[in-house]
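Q: Could you take a close look at one part of this structure for me, a charged pair, and then walk outward from there? I'd love a connected account that I can follow on the model.

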Amino acid sequence: MRPIEVLALTLGYGSALIRACGGHGHEVREWSQDELDDLERKWGHEWGFSGISTFAHLEYHKCLTTPSELFDIAIIGAPFDTAVSYRPGARFGPRAIRAASARQTSFRGFNPRANINPYANWAKILDCGDIPVVPVDNGVALKQMTAAFTELGARPPVSPLLSKPKLITLGGDHSLSLPALRAINELYGGPVRVLHFDAHLDTWHPTKYPSYWSSEQSRFTHGSMFWMAGEEGLLSNASAAPSVHAGLRTRLSGTEDWDEDDAQNWVRISADEVDEVGTKGIIDRIMGALGTEDPVYLSVDIDVLDPAFAPGTGTPEPGGWTTRELIRVLRGVEGLNVVGADIVEVAPAYQGVGEETALAAAQVVFELLSSMVKKGMEEMGKTGVRVQGDAARDEL
């Protein structure tokens, strides 16, 4: 048989095979809604240990590339850690926090203290993935994060209860608060107030990091970002409208650090004060300073906790709060008008095998979500929902 005949036979066989496969048993099926609902009942459930690792098994979209996907509250990762002054590793924080949230599910997400399940309520909550922050140029990274926060925050929310969606950022080092505040300033048209849980002030002038080899880029660190935010007019400078630090216990350059912090309009609450006034006293001081009306950005550095409870962080400081104390304070400030939040400085390489640091961070996010959703319910004249059926039982 000549080569040309072999080629013709081969092509003819291939065409016949394609026709046979395409013409029999491969029609696109039309599925009814009842059938789709039945598939969801059969296969839609995920246990805590199954499924891909989104935060609390939430629906995942790469929101920065899918502008049609709208949300009320977004979980967004910022895996950036090259503005740290001590131990790196917080770029792996978003991944660790998501993994530690695995036991949070919509079918067992009822929060008894708030009387709601934030995952099965009015708010559409999405896991929007991570900002692809460049790890080799902090100047570019700062621009990227600012643009990403602004883009997501400008999306229209799903619910009429909100004028703008809310973002909860998984860090990443604490410097990400600066681009977040820049975005909020643009979106809300003015300065906001900050509730800052941390062992450290993070209002240090950049020159407090001594170096002959300084540069414009070196000013941007995880200890100077609130100083920079104040200088840029992103924070309220009205004496009657200060921002608040809580959980402080860091070493200082000297008492002049406090003077500079005072000049930037901050109220300081030390970690030791919880021994004197208890968590209720801490809550009262925070709410007395911030009130319930002004927009507040809530930032939690996991090193506010004692290293016994959160060793997986970049700059651990002994003498901090317990996880229970922090959670109790967060629950007590649910009346704040929180417009955005972050949980930062989780560096999983330094935590134990039990993931205690990431677990604490995941719980912080759960408490923040609960408060945001509850605040929205109050806006529509509701105070909660009744517990029904299995929602009142402990998780398996």
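A: Happily: let's begin with the salt bridge between E334 and K374, whose closest N and O atoms are 3.0 Å apart. This is a predicted model, so please read every value here as computed from it. E334 sits in the loop between α9 (323-332) and β8, while K374 belongs to helix α10, so the pair ties together parts that are 40 residues apart in sequence. How covered are the two partners? E334 counts as partly exposed because its relative accessibility is 23%, and K374, at 13%, falls under the 20% limit and therefore counts as buried. The pair is also part of a wider arrangement: salt bridges that share partners join R113, R331, E334, E367 and K374 into one network.

Now follow the two ends of that pair into the fold. On the E334 side, the chain continues into β8 (residues 337-344), which runs parallel to β3 (residues 166-171) and is joined to β3 by 3 bridges. You can pick out one such pairing by eye, since L170 has I343 in β8 as its bridge partner. On the K374 side, helix α10 (residues 356-379) packs on the sheet, where α10 touches β1 (73-78), β2, β3, β7 (295-301) and β8. The direction of α10 makes about 170° with that of β8.

The sheet itself is open and has 8 strands, in the order β2-β1-β3-β8-β7-β4-β5-β6, with parallel pairing. Its edges are β2 (125-130) and β6 (266-270); each has a single partner strand, so one side of each is left without a neighbour in the sheet. On average, neighbouring strands are turned by 15° against each other, direction ignored. Over by the β6 edge, helix α7 (residues 256-263) lies across β5 (243-248) and β6, running at about 135° to β6.

That corner offers another charged pair to set beside the one we started with. R268 forms a salt bridge with D261, with the closest N and O atoms 3.1 Å apart. D261 is buried, at 0% relative accessibility, whereas R268 is partly exposed at 24%. A further pair, D284 and K280, has its closest N and O atoms 3.0 Å apart. Here the partners are 4 residues apart in helix α8 (residues 273-290), which means they are separated by about one helical turn. D284 is partly exposed at 42%, and K280 counts as exposed at 56%. In total, the structure holds 19 salt bridges.

Coming back to β8, have a look at the loop that leads from it to α10, where you will find E345. E345 has a positive phi of about 70° although it is not a glycine, and its relative accessible area of 2% makes it buried. Why is that phi worth a glance? Because most residues other than glycine have a negative phi, and most peptide bonds are trans. A56 is another residue with a positive phi, near 55°; A56 lies in the loop between α2 and β1 and counts as buried at 3% relative accessibility. As for the peptide bonds, a cis one joins G171 and G172, with omega about 15°. G172 is found in the loop between β3 and α5 (177-188), so your walk along β3 will take you there.

Definitions and conventions: Residues numbered from 1 in each chain as written. Predicted model: local features only at pLDDT ≥ 70, side-chain atom pairs only at ≥ 80, totals over all residues. Heavy atoms only, no water. Pairing = 2+ DSSP bridges. Helix = DSSP H or I, 4+ residues; strand = E, 2+ residues; numbered from the N terminus. Axes fitted to C-alpha atoms, helices over the stretch in contact; angles between N-to-C directions. Contact = heavy atoms within 4.5 Å. Buried < 20%, exposed > 50% of the residue type's maximum accessible area, 1.4 Å probe, protein only. Salt bridge = Lys/Arg side-chain N within 4 Å of Asp/Glu carboxyl O.
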